[in-house]
Amino acid sequence: VADRTGIMAFGKIPLLVLFAGRNNFLLWITGWSYSTFLHFHKVLAWWMSLDTLIHSVAYTINSLGYYVLYINTEPYFVYGIIATIFCGLILLFALPPFRVFYYEYFLVVHVSFAVIFVAMCWWHCNTLGWLEWLIATCCVWAFDRILRVIRMFAFGYRTATLTVVGD
(Lines give C-alpha, C1' and ligand atoms only; values in the text may rest on other atoms or scores of the structure.)
Protein backbone atom coordinates (compact mmCIF):
# COMPACT_ATOMS: atom_id res chain seq x y z
CA VAL A 1 0.00 0.00 0.00
CA ALA A 2 2.78 2.43 0.95
CA ASP A 3 4.71 1.95 -2.28
CA ARG A 4 1.68 2.02 -4.55
CA THR A 5 0.17 5.16 -3.04
CA GLY A 6 3.53 6.92 -3.32
CA ILE A 7 3.79 6.00 -7.00
CA MET A 8 0.19 7.03 -7.64
CA ALA A 9 0.84 10.38 -5.95
CA PHE A 10 3.91 10.95 -8.13
CA GLY A 11 1.91 10.15 -11.25
CA LYS A 12 -0.49 12.97 -10.46
CA ILE A 13 2.13 15.70 -9.97
CA PRO A 14 2.75 16.41 -13.71
CA LEU A 15 -0.99 16.61 -14.24
CA LEU A 16 -1.33 19.06 -11.35
CA VAL A 17 1.20 21.37 -12.96
CA LEU A 18 -0.33 20.89 -16.40
CA PHE A 19 -3.84 21.76 -15.23
CA ALA A 20 -2.61 24.80 -13.29
CA GLY A 21 -0.74 26.37 -16.20
CA ARG A 22 -2.32 29.17 -18.18
CA ASN A 23 -0.39 28.17 -21.30
CA ASN A 24 -1.72 24.64 -21.21
CA PHE A 25 -1.80 23.12 -24.69
CA LEU A 26 -4.88 21.13 -23.63
CA LEU A 27 -6.75 24.45 -23.32
CA TRP A 28 -6.16 25.04 -27.02
CA ILE A 29 -6.97 21.47 -28.04
CA THR A 30 -10.18 21.02 -26.01
CA GLY A 31 -11.50 24.57 -26.03
CA TRP A 32 -12.44 24.20 -22.36
CA SER A 33 -12.26 27.18 -20.06
CA TYR A 34 -9.35 27.82 -17.73
CA SER A 35 -11.75 27.51 -14.76
CA THR A 36 -12.54 23.93 -15.83
CA PHE A 37 -8.86 23.10 -15.77
CA LEU A 38 -8.50 24.77 -12.35
CA HIS A 39 -11.30 22.53 -11.11
CA PHE A 40 -9.38 19.49 -12.37
CA HIS A 41 -6.27 20.92 -10.67
CA LYS A 42 -8.09 21.18 -7.32
CA VAL A 43 -9.60 17.69 -7.51
CA LEU A 44 -6.26 16.17 -8.49
CA ALA A 45 -4.52 18.07 -5.68
CA TRP A 46 -6.82 16.60 -3.04
CA TRP A 47 -6.54 13.15 -4.57
CA MET A 48 -2.73 13.36 -4.74
CA SER A 49 -2.62 14.64 -1.16
CA LEU A 50 -4.72 11.70 0.00
CA ASP A 51 -2.29 9.32 -1.74
CA THR A 52 0.61 11.16 -0.10
CA LEU A 53 -1.00 10.94 3.33
CA ILE A 54 -1.68 7.21 2.96
CA HIS A 55 1.90 6.69 1.72
CA SER A 56 3.34 8.58 4.70
CA VAL A 57 1.11 6.93 7.31
CA ALA A 58 1.78 3.46 5.90
CA TYR A 59 5.55 3.99 6.01
CA THR A 60 5.27 5.47 9.51
CA ILE A 61 3.43 2.35 10.68
CA ASN A 62 5.96 0.18 8.84
CA SER A 63 8.89 1.90 10.56
CA LEU A 64 7.53 1.83 14.13
CA GLY A 65 10.42 1.23 16.45
CA TYR A 66 12.90 2.48 13.85
CA TYR A 67 11.41 5.89 13.12
CA VAL A 68 14.02 7.94 15.00
CA LEU A 69 16.80 5.81 13.54
CA TYR A 70 15.52 6.46 10.01
CA ILE A 71 15.25 10.20 10.66
CA ASN A 72 18.84 10.29 11.91
CA THR A 73 20.39 8.04 9.25
CA GLU A 74 18.22 8.14 6.11
CA PRO A 75 18.00 11.54 4.36
CA TYR A 76 15.28 10.31 1.97
CA PHE A 77 13.05 9.68 4.99
CA VAL A 78 13.45 13.27 6.21
CA TYR A 79 12.84 14.65 2.71
CA GLY A 80 9.67 12.58 2.51
CA ILE A 81 8.44 14.00 5.81
CA ILE A 82 9.17 17.55 4.65
CA ALA A 83 7.43 16.91 1.31
CA THR A 84 4.36 15.60 3.11
CA ILE A 85 4.29 18.65 5.39
CA PHE A 86 4.54 21.02 2.42
CA CYS A 87 1.82 19.07 0.63
CA GLY A 88 -0.45 19.73 3.60
CA LEU A 89 0.59 23.39 3.80
CA ILE A 90 -0.16 23.88 0.11
CA LEU A 91 -3.68 22.55 0.67
CA LEU A 92 -4.16 24.58 3.84
CA PHE A 93 -3.18 27.86 2.19
CA ALA A 94 -5.28 27.04 -0.88
CA LEU A 95 -8.51 27.03 1.12
CA PRO A 96 -11.00 29.71 0.03
CA PRO A 97 -10.36 32.23 2.84
CA PHE A 98 -6.70 32.54 1.86
CA ARG A 99 -7.22 32.17 -1.88
CA VAL A 100 -10.14 34.59 -2.21
CA PHE A 101 -9.21 37.37 0.20
CA TYR A 102 -5.43 37.35 -0.19
CA TYR A 103 -4.98 36.13 -3.76
CA GLU A 104 -1.59 37.72 -4.46
CA TYR A 105 -0.13 36.29 -1.25
CA PHE A 106 -1.79 32.96 -1.96
CA LEU A 107 -0.20 32.83 -5.41
CA VAL A 108 3.33 33.55 -4.15
CA VAL A 109 3.02 31.10 -1.25
CA HIS A 110 1.36 28.45 -3.42
CA VAL A 111 4.05 28.51 -6.12
CA SER A 112 6.90 28.76 -3.56
CA PHE A 113 5.57 25.82 -1.57
CA ALA A 114 5.01 23.84 -4.78
CA VAL A 115 8.66 24.37 -5.77
CA ILE A 116 9.78 23.24 -2.31
CA PHE A 117 7.42 20.26 -2.50
CA VAL A 118 8.80 19.14 -5.87
CA ALA A 119 12.39 19.63 -4.66
CA MET A 120 11.73 17.56 -1.52
CA CYS A 121 10.08 14.85 -3.64
CA TRP A 122 13.12 14.88 -5.92
CA TRP A 123 15.53 14.43 -3.01
CA HIS A 124 13.19 11.90 -1.41
CA CYS A 125 13.33 9.63 -4.46
CA ASN A 126 16.77 10.53 -5.78
CA THR A 127 18.11 7.12 -4.75
CA LEU A 128 14.81 5.23 -4.82
CA GLY A 129 13.76 5.88 -8.41
CA TRP A 130 10.55 7.28 -9.93
CA LEU A 131 12.24 10.54 -10.92
CA GLU A 132 10.71 10.40 -14.39
CA TRP A 133 7.48 11.77 -12.92
CA LEU A 134 9.34 14.74 -11.48
CA ILE A 135 11.30 15.27 -14.70
CA ALA A 136 7.96 15.38 -16.54
CA THR A 137 6.69 17.85 -13.94
CA CYS A 138 9.71 20.12 -14.42
CA CYS A 139 9.37 19.92 -18.21
CA VAL A 140 5.68 20.86 -18.11
CA TRP A 141 6.39 23.72 -15.71
CA ALA A 142 9.33 25.00 -17.76
CA PHE A 143 7.26 24.81 -20.97
CA ASP A 144 4.51 26.88 -19.33
CA ARG A 145 6.97 29.51 -18.08
CA ILE A 146 8.84 29.75 -21.39
CA LEU A 147 5.60 30.03 -23.36
CA ARG A 148 4.38 32.73 -20.97
CA VAL A 149 7.51 34.82 -21.56
CA ILE A 150 7.23 34.34 -25.33
CA ARG A 151 3.58 35.41 -25.27
CA MET A 152 4.40 38.48 -23.15
CA PHE A 153 7.03 39.58 -25.68
CA ALA A 154 4.73 38.81 -28.62
CA PHE A 155 1.55 40.45 -27.29
CA GLY A 156 2.89 42.91 -24.70
CA TYR A 157 2.00 43.47 -21.09
CA ARG A 158 -1.58 44.08 -20.09
CA THR A 159 -2.42 47.22 -18.13
CA ALA A 160 -5.59 48.45 -16.51
CA THR A 161 -6.92 51.65 -15.00
CA LEU A 162 -8.89 51.35 -11.78
CA THR A 163 -11.35 53.97 -10.57
CA VAL A 164 -13.16 54.14 -7.24
CA VAL A 165 -16.89 54.29 -7.96
CA GLY A 166 -18.28 54.61 -4.44
CA ASP A 167 -17.81 53.65 -0.84
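**Entry 1: Thr52**

I started at Thr52, which lies in helix α3. The model is a predicted one, and I read every value with that in mind. I asked whether Thr52 is buried or exposed. Its relative accessible area is 9%, and because the limit for buried is under 20%, Thr52 counts as buried. I then listed what Thr52 touches, leaving out residues up to four places away in sequence: Ala9, Thr84 and Cys87.

**Entry 2: Met48**

I moved to Met48 and applied the exclusion of neighbours within four places in sequence. Met48 is in contact with Ala9, Lys12, Ile13, Leu16, Cys87 and Phe117. Ala9 and Cys87 appear in the list for Met48 and in the list for Thr52.

**Entry 3: Ile13**

I followed the contact from Met48 to Ile13. Ile13 lies in helix α1. I noted a relative accessibility of 3%, so Ile13 counts as buried. Which residues does Ile13 touch, not counting those up to four places away in sequence? I found Met48, Phe117, Val118, Cys121, Leu134 and Thr137. I also checked one pair far apart along the chain: Ile13 and Cys138 are 125 residues apart, and their C-alpha atoms are separated by 9.8 Å.

**Entry 4: the nonpolar core**

I looked up the largest nonpolar core, which has 24 residues. The members that touch the most other members are Phe10, Ile13, Met48, Phe117, Cys121 and Leu134. I then asked which helices each supply at least two residues of this core. They are α1 (2-20), α3 (34-62), α5 (75-93), α7 (103-124) and α8 (131-155). The largest share, six residues, comes from α7.

**Entry 5: the fold as a whole**

I counted eight helices and zero strands in the protein. Along the sequence the pattern reads α-α-α-α-α-α-α-α. I took the box filled by the C-alpha atoms along the principal axes and noted roughly 65 × 40 × 25 Å. Of the 167 residues, 31% are buried. Considering contacts between residues at least 6 apart in sequence, I noted that 65% join residues at least 24 apart.

**Entry 6: surface and charge**

I noted an accessible surface of about 11200 Å² for the protein. Carbon and sulfur atoms account for 72% of that surface. Last, I looked at charge: the protein has 9 positive and 7 negative charges, and the mean positions of the two sets are 11 Å apart.

Conventions: Residues are numbered from 1 along each chain as its sequence is written. This is a predicted model: local features need pLDDT of at least 70, side-chain atom pairs count only at pLDDT 80 or more; totals for chains, interfaces and linings use all residues. Side-chain values use heavy atoms; hydrogens and water are left out. A nonpolar core is a set of buried Ala, Val, Leu, Ile, Met, Phe, Trp, Tyr and Cys residues joined through side-chain atoms within 4.5 Å. Buried means under 20% relative accessible area, exposed over 50%, partly exposed in between (1.4 Å probe, protein chains only). Helices (H or I, at least four residues) and strands (E, at least two) are DSSP runs, numbered from the N terminus. Contact means heavy atoms within 4.5 Å. Accessible areas come from the Shrake-Rupley method with a 1.4 Å probe; for residues, only the protein chains shown count as cover. Lys and Arg count as positive and Asp and Glu as negative; His and the chain ends are not counted. The place of a charge is taken as NZ of Lys, CZ of Arg, CG of Asp or CD of Glu.
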